[in-house]
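User: Could you take a close look at one part of this model for me? I'd like to hear about one residue and its surroundings, and then how the rest fits around that.

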Amino acid sequence: MPKRYYWLKLKEDFFAQPKIKKLRRIAGGDTYTIIYLKMQLLRLKNEGRLLFEGTEDNFVDEIALTIDEDPENVSVTVAYLMRQGLLEQCSDDEYSLPQTIES
């Protein structure tokens, strides 16, 4: 089976954006930034959505399992992204990352 590649476009000033700079400055911020980027990549594979399919008890635990990250770190990241408008809940089982650039 051939490998499938996805392109993740970031704005040129991605790391200079105040919301990302603030994320990186909190304790563990570099890890949280990586989690955010992994969520963006996951979103590309799911037609622009992050879906809660019920594999785990909640969205955070399911994302953590999917991207191989600690659930506590994912929880902090998700909470931050929601507060900053970088992650939006569309329905009980669907989330979006509005800042992710469509290719």
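Analyst: Let's start with Ser96, which is found in strand 3. Keep in mind that this is a predicted model. At 17% relative accessibility, Ser96 falls under the 20% cut-off, so this serine counts as buried. Looking past its neighbours within four places in sequence, Ser96 is in contact with Leu86, Leu87, Glu88 and Cys90. One of these has a special position: Glu88 stands opposite Ser96.

Now for the strands themselves. Strand 2 and strand 3 (residues 94-96) pair in the antiparallel sense, over 3 bridges. Zooming out, the open sheet has 3 strands in the order 1-3-2, with antiparallel pairing. Strand 1 (50-51) and strand 2 (88-91) stand at the edges with a single partner strand each, so each has one side without a neighbour in the sheet. As for what holds such an arrangement together, strands of a sheet pair through backbone hydrogen bonds.

Leu87, one of the contacts of Ser96, also leads us to the largest nonpolar core. That core has 23 residues, and Leu87 is among those with the most contacts inside it, along with Met39, Leu50, Ile63 and Val74. Helix 1 (18-25), helix 2 (29-45), helix 3 (59-67) and helix 4 (71-84) each put in at least two residues, and the largest share, 6 residues, comes from helix 2. Ile63 shows how some of these names link up: setting aside neighbours within four places in sequence, Ile63 is in contact with Met39, Leu42, Leu50 and Val74.

Helix 2 deserves a little more time. The axes of helix 2 and helix 4 come within 9 Å and cross at roughly 75 degrees, which means the two are roughly perpendicular. On the helix 2 side, the contact is made by Thr31, Tyr32, Ile35, Tyr36 and Met39, while helix 4 brings Asn73, Val74, Val76, Thr77, Val78 and Leu81. Sorted by class, that's 8 nonpolar, 3 polar and no charged residues.

Then there's helix 1. The axes of helix 1 and helix 2 come within 6 Å and cross at roughly 130 degrees, so this pair is oblique. Ile20, Leu23 and Arg24 of helix 1 meet Gly29, Asp30, Tyr32, Thr33 and Tyr36 of helix 2. Here the classes divide into 4 nonpolar, 2 polar and 2 charged. Tyr32 and Tyr36 turn up in the helix 4 contact and in the helix 1 contact as well.

Methods. Residues numbered from 1 in each chain as written. Predicted model: local features only at pLDDT ≥ 70, side-chain atom pairs only at ≥ 80, totals over all residues. Heavy atoms only, no water. Core = buried A, V, L, I, M, F, W, Y, C linked by side-chain atoms within 4.5 Å. Buried < 20%, exposed > 50% of the residue type's maximum accessible area, 1.4 Å probe, protein only. Helix = DSSP H or I, 4+ residues; strand = E, 2+ residues; numbered from the N terminus. Contact = heavy atoms within 4.5 Å. Axes fitted to C-alpha atoms, helices over the stretch in contact; angles between N-to-C directions. Parallel < 35°, antiparallel > 145°, perpendicular 65-115°, else oblique. Nonpolar A, V, L, I, M, F, W, Y, C, P; charged D, E, K, R; others polar. Pairing = 2+ DSSP bridges.
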